[in-house]
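Dear colleague,

I am passing a structure on to you, and I would be glad if you could look through it before reading my notes. What I found is written out underneath.

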Amino acid sequence: MKTSRRTFALTSAALLMSFGALAAAPVETAPIRFVADMSADEESAPTEGPATGRAEFTLERETLKFSWVVTFDKLSSPLTEAVVRGPQKPGTNAGVLFELGPKTAASPIKGSVVLNDGQLEYLLAGRMYVNLHTAKWKDG
């Protein structure tokens with residue numbers, strides 16, 4: 001990954017059920033947690049850079065509320081956009097599904113959105129990814 005671009009499939013790093021939530025609520029209603037670590041290794045094109053990040057997402061089953069905390073460090077220039085894209089096909093870029101925060105957000109970025117049925121399908125099929133754009137790398 002370029003030092004300013006963090007792209008990763010939400011399900012590529014790990015799909016984790018919250019064991020704490022499972023113990024507190026029936027399995028049918030427990031939130032689903034997604035965690036991904038961001039680094040140059042997650043970029044589809046060969047890239048190098050010191051930038052790192054982590055994205056933690058929670059999906060509430062009953063309401064489809066999708067919440068996140070995205071942290072990042074060592075960007076090459078200021079953040080200009082943080083988005084979730086999809087549906088991704090291998091080797092291609094996808095369109096923006098929703099923004100994660102203000103265009104000049106600082107780490108950590110926190111927020112939520114209610115997913116529609118199509119977005120839920122993309123998420124569960126591993127076809128969504130996060131893309132952080134910077135002043136230096138305008139296309140992410």
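The notes below take up the nonpolar core, then the aromatic rings, and then some details of the backbone.

Please keep in mind that this is a predicted model, in which local features need pLDDT of at least 70 and side-chain atom pairs count only at pLDDT 80 or more, while totals for chains, interfaces and linings use all residues. Residues are numbered from 1 along each chain as its sequence is written, and side-chain values use heavy atoms, with hydrogens and water left out.

In the largest nonpolar core (a set of buried Ala, Val, Leu, Ile, Met, Phe, Trp, Tyr and Cys residues joined through side-chain atoms within 4.5 Å) there are 24 residues, and those that touch the most other members are F57, L59, F66, L100, I109 and L115. Two or more residues each come from β3 (32-38), β4, β5, β6, α2 (117-124) and β9 (129-134), where helices (H or I, at least four residues) and strands (E, at least two) are DSSP runs numbered from the N terminus. The most is given by β5, with four residues. L115 is in contact (heavy atoms within 4.5 Å) with L59, L64, F66, F98, L120, L123 and M128, leaving aside its neighbours within four places in sequence.

The whole structure holds five aromatic pairs, where rings of Phe, Tyr and Trp (its six-membered ring) pair if their centres lie within 6.5 Å, and planes under 30 degrees apart count as stacked, over 60 as edge-to-face and the rest as tilted. The pair of F57 and F66 is stacked, because the ring centres are 5.0 Å apart and the planes stand at 10°. F66 and F98, by contrast, form an edge-to-face pair, since their centres are 6.3 Å apart and their planes at 80°. As F66 belongs to strand β5 and F98 to strand β7, this pair ties together parts that are 32 residues apart in sequence. Buried here means under 20% relative accessible area, exposed over 50% and partly exposed in between (1.4 Å probe, protein chains only); F66 is buried at 0%, and F98 is buried at 8%. Ring pairs link F34, F57, F66, W68 and F98 into a cluster.

As for the backbone, the peptide bond from G86 to P87 is cis, with omega near -10°, and P87 sits in the loop between β6 (79-85) and β7 (96-99). L64, although not a glycine, has a positive phi of about 65°; this L64 lies in the loop between β4 (52-59) and β5 (65-73).

With best wishes
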